[in-house]
Amino acid sequence: MHRQEKRGKELHCAADDGAMPPIYKDPGRPVEERVEDLLARMTLAEKIGQMTQIERLVADPSVIQNYFIGSILSGGGSAPAPNASPSAWADMVDGFQTAALSTRLGIPIIYGIDAVHGHNNVYGATIFPHNVGLGATRDPNLVQRIGAATALEVRATGIPYAFAPCIAVCRDPRWGRCYESYSEDPELVQQMTQIVFGLQGTPPEGYPKGAPYVGGGSNVVACAKHYVGDGGTTGGIDESNTVATFNELRRIHLPPYYNAIAAGVATIMVSYSSWNGVKMSANKFLISTMLKQRLGFQGFTISDWEALDRITSPPDANYNYSVNVAINAGLDMVMVPMNYQGFINLMTAQVNAGQISQDRIDDAVRRILRVKFLAGLFEKPMADRSLLQMVGSEEHRNLAREAVRKSLVLLKNGKDSTNPMLPLSKNAPKILVAGAHANDIGLQCGGWTITWQGSRGNTTVGTTILEGIKNAVSPTTQVDYLVSPDSGNAANGGYSYAVVVVGEPTYTEMFGDNDNLTIPQDGINLIQNVCSVVECAVILISGRPLVVEPHLPLMSAFVAAWLPGSGGQGVADVLFGDYDFQGKSPRTWFKNVNQLPMNIGDQSYDPLFPYNFGLTTGVGKTG
């Protein structure tokens, strides 16, 4: 038995014999005192349990109690039931929490979920624009308000931990996660880290720099991800290798982490990707030396899903090795998420053999406990049911609508500068709206919506672009909606104008990696069939710029709407001139993929639309 384990048991027995509660259970004591008191009482099994995060599918009360599990997560789309209600989510989390609280020391679990554009796994939650659209708003205050709204909706379901924000600097739009990045420009991503204040709350004046901070029961533990260089992989290949000097890493990919740590971010997720051939999950210099020592990060680090398995090629070729190098590199919590017995057994054996030091274990557990205490989980471990009404509330839906308005980027308005098409007339006798993306919440929201990859159809509650248009126009205007009209339908319909909505399918992570970045063929056909015979405004629903130069001459107006989420009314607000366009492109819009990667500041810079481009109409309100 380790000396500290024996001492822990002696302390525990002494506390049980007396009337005074243990220090760690006293909310009046400083957090660090509570952490050290609890750490001294813990056995090795309890410590390793705290470092273990498992998927809810393999979690049950006996697993939590027998293995002292410290954290549970929902992977993308992992819900208690299809279209489960917010209260059903809260019931599930509370059930897991009850099991954790019944263990010897009663350490609460911290339940985590990907809430990356609102509480996106939960049916009926508000779905905000994905980060690329928020980058187009250039509005850090808006992003902070979105963080606060997201935190409320997440906490309403009993979940205190959101795997957000993604502060990747996407340097190549061929990457399938580019829409999770605010921009190619590290300075803009740095500004958008203000979302951490919304998610976690704003630390008071004089709060220690680098210390994690969670404001209260309306806030969540945030997670800056994916450390570091995830957006710089060669060719934009997901989970691949970022080739860069340390100075390049420090200039492009590290800066957002400076801001996130200064804002008190409580956790940081380490990237699947490699830096110059070394997997980030095994990079002791970047995790322990750079992040923890030089940057002074005092929260906990966490792996991505099965990231330890992927340290080797092929994955899981030598899990014993992977566990050793990852923990010794400085990973604190491991998103196992299924094979928890194998992970725990290997961890135990390696500590007992001296291959992982007790000090390294204590550092990890100290950080995890620190965050749990700061998040108030020991005092209020269960769901606050008074917040249930906040999920999908009118206030939050109005905020999403505002975000959509501000995210739209006007790239073309009129076939010549003297004859703008936008804003559109609300009083036209008859108009055509065309394209599947015009009337599909799932396509409008993109990946990470209800399911991991997202999907077509009425997957959640919201307003489609078509519904928004119908709400905006005069009652006397006839709105025809056709998914895929041919040129005859369009030419002979007597339409004053057409709104053509095209875009990408839904995707997430490596499933979105794309070497050609063309508009899908049905969208190209739609532009050709409609815009060749009717004056048309084309709205592009996508997670990144696509090849549009060949089709631009046919369009009278062209709008990048990114992945706007559930607030489709915001598109109509701007199209019809109630509000002016405010968005500026957060990405360089290339002419063809042979130019990639091409980013602002490059010596060879010849874009179709430069970074920060965005027209206005001069009509309508701003804000």
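What volume does the largest cavity have? About 90 Å³. Hi everyone, that is where I'd like to start today. One word of caution before we go on: this is a predicted model.

Let me stay with the enclosed spaces for a moment. As a reminder, rolling a probe the size of a water molecule over the atoms shows where empty space is left. Searching the whole structure turns up four cavities of 30 Å³ or more. The largest cavity has 14 lining residues, and the ones nearest its centre are Ala115, Val116, Thr150, Ala164 and Ile195. Which helices supply at least two residues each to that lining? They are H6, spanning 131-137, H7, spanning 140-156, and H9, spanning 195-200. H7 has the largest share, with three residues. If you are thinking about electrostatics, note that this lining has no charged residues; there are nine nonpolar and five polar ones.

The second largest cavity comes in at about 80 Å³. Here charge does appear: the lining has two charged residues, together with six nonpolar and three polar. Among the residues lining this second cavity are Glu46, Gln50, Phe68, Arg104 and Ile107.

Now, H7 deserves another look, for its packing against H16, which covers residues 394-407. The axes of H7 and H16 come within 11 Å of each other, crossing at roughly 145°, and the crossing is left-handed. On the H7 side, the contact uses Leu142, Arg145, Ile146, Ala149, Leu152 and Glu153. On the H16 side, we have His396, Leu399, Glu402, Ala403 and Lys406. By class, that contact splits into six nonpolar, one polar and four charged residues.

Next, the sheet. What is the strand order in the open sheet of five strands? Reading across, S4-S3-S2-S1-S11, and the pairing is parallel. Strands S4 (161-162) and S11 (334-335) are at the edges with a single partner strand each, so one side of each has no neighbour in the sheet. If you want to look at one pairing in your viewer, try S3, residues 110-113, which runs parallel to S4 and is joined to S4 by two bridges. There you will find Ile113 opposite Ala162 of S4.

Let's finish with the open spaces, the pockets. The largest pocket holds about 420 Å³ of space. Of its 22 lining residues, Arg171, Arg251, Ile252, Asn599 and Asp602 lie nearest the centre. Which helix gives the most to this lining? That would be H10, residues 246-253, with five residues. The lining of the largest pocket is a mix: seven nonpolar, eight polar and seven charged.

The second largest pocket has about 310 Å³ of space. Its lining also counts 22 residues, and closest to its centre are Gly76, Trp305, Trp448, Trp452 and Glu509. What does the lining of this second largest pocket look like by class? Eleven residues are nonpolar, four are polar and seven are charged.

To leave you with a picture: H7 lines the largest cavity and also meets H16, while H10 contributes to the largest pocket. Thanks for listening, and I'm happy to go through any of these places with you on screen.

Notes:
Residues are numbered from 1 along each chain as its sequence is written. This is a predicted model: local features need pLDDT of at least 70, side-chain atom pairs count only at pLDDT 80 or more; totals for chains, interfaces and linings use all residues. Side-chain values use heavy atoms; hydrogens and water are left out. On a 1 Å grid over the protein atoms alone, a cavity is a set of points where a 1.4 Å probe fits but cannot get out, and a pocket is an open set with protein on both sides within 12 Å along at least five of seven lines; lining residues have an atom within 4 Å of a point. Grid points are joined across faces, edges and corners, and a volume is the space filled by probe spheres set on the points. Helices (H or I, at least four residues) and strands (E, at least two) are DSSP runs, numbered from the N terminus. Ala, Val, Leu, Ile, Met, Phe, Trp, Tyr, Cys and Pro count as nonpolar, Asp, Glu, Lys and Arg as charged, and the others, Gly among them, as polar. Two strands pair if DSSP finds at least two bridges between them. Axes are lines fitted to C-alpha atoms, for helices over the stretch in contact, and angles run from 0 to 180 degrees between N-to-C directions. A crossing is left-handed if the near helix is turned anticlockwise from the far one by less than a right angle, and right-handed if clockwise. Contact means heavy atoms within 4.5 Å.
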